[in-house]
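Student: Could you take one part of this model and look at it closely with me, and then set that part in the context of the whole chain?

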Amino acid sequence: MSHGAAEITSRPEFWSRELELNSEGLPRPGERVAVLGCGTSLYIAQAYAALREDAAQP
């Protein structure tokens, strides 16, 4: 399996493990968040920031 394929197939396991460590999942309203991105993920980060701001969550 290539490195890229291994990375893609590991995502469900990664997020399941993250939810075990942080059972609340998403940030709480008002909680500070840093979102980084490059390329396409930059646009996702910008959209996420805009949605939080529109919801009056810094």
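**A pair in the first helix**

Tutor: Arg17 and Glu13 are four residues apart in helix H1, which covers residues 3-21, and so about one helical turn separates them. Keep in mind that this is a predicted model, and that the pair is being read from computed positions. The side chains of Arg17 and Glu13 meet in a salt bridge, with a nitrogen-to-oxygen distance of 3.6 Å, and the structure holds one salt bridge. How exposed are the two partners? Glu13 has a relative accessibility of 54% and therefore counts as exposed, because the cut-off for that word is over 50%. Arg17, at 41% relative accessibility, counts as partly exposed.

If we now step back to the charges of the whole protein, there are 5 positive and 8 negative ones, and their mean positions lie 4 Å apart.

Moving along the chain, we come to the loop between H1 and H2, where Ala34 lies. Ala34 is exposed, since its relative accessible area is 72%. Ala34 can also be compared with Ala49, which is 15 residues away in sequence, while the C-alpha atoms of the two are 9.1 Å apart in space.

Helix H2 itself takes in residues 40-54, and its length can be checked with a short piece of reasoning: at 1.5 Å a residue, its 15 residues should span 21 Å, and the C-alpha atoms at its ends are indeed 21 Å apart, so the two values agree. Just after H2, Ala56 takes a positive phi of about 60 degrees.

Taken as a whole, the protein has two helices and zero strands. Its radius of gyration is 14 Å, well over the 10 Å that the globule rule gives for 58 residues, so the protein is more spread out than a compact globule. Along the principal axes, its C-alpha atoms fill a box of roughly 45 × 30 × 15 Å. Buried residues make up 3% of the 58 residues, and the protein exposes about 5100 Å², of which carbon and sulfur atoms supply 62%.

Methods
Residues are numbered from 1 along each chain as its sequence is written. This is a predicted model: local features need pLDDT of at least 70, side-chain atom pairs count only at pLDDT 80 or more; totals for chains, interfaces and linings use all residues. Side-chain values use heavy atoms; hydrogens and water are left out. The expected span of a helix is 1.5 Å times one less than its number of residues. The radius of gyration is taken over C-alpha atoms; the globule rule is 2.2 Å times the number of residues to the power 0.38. Buried means under 20% relative accessible area, exposed over 50%, partly exposed in between (1.4 Å probe, protein chains only). Accessible areas come from the Shrake-Rupley method with a 1.4 Å probe; for residues, only the protein chains shown count as cover. Lys and Arg count as positive and Asp and Glu as negative; His and the chain ends are not counted. The place of a charge is taken as NZ of Lys, CZ of Arg, CG of Asp or CD of Glu. A salt bridge is a side-chain nitrogen of Lys or Arg within 4 Å of a carboxyl oxygen of Asp or Glu.
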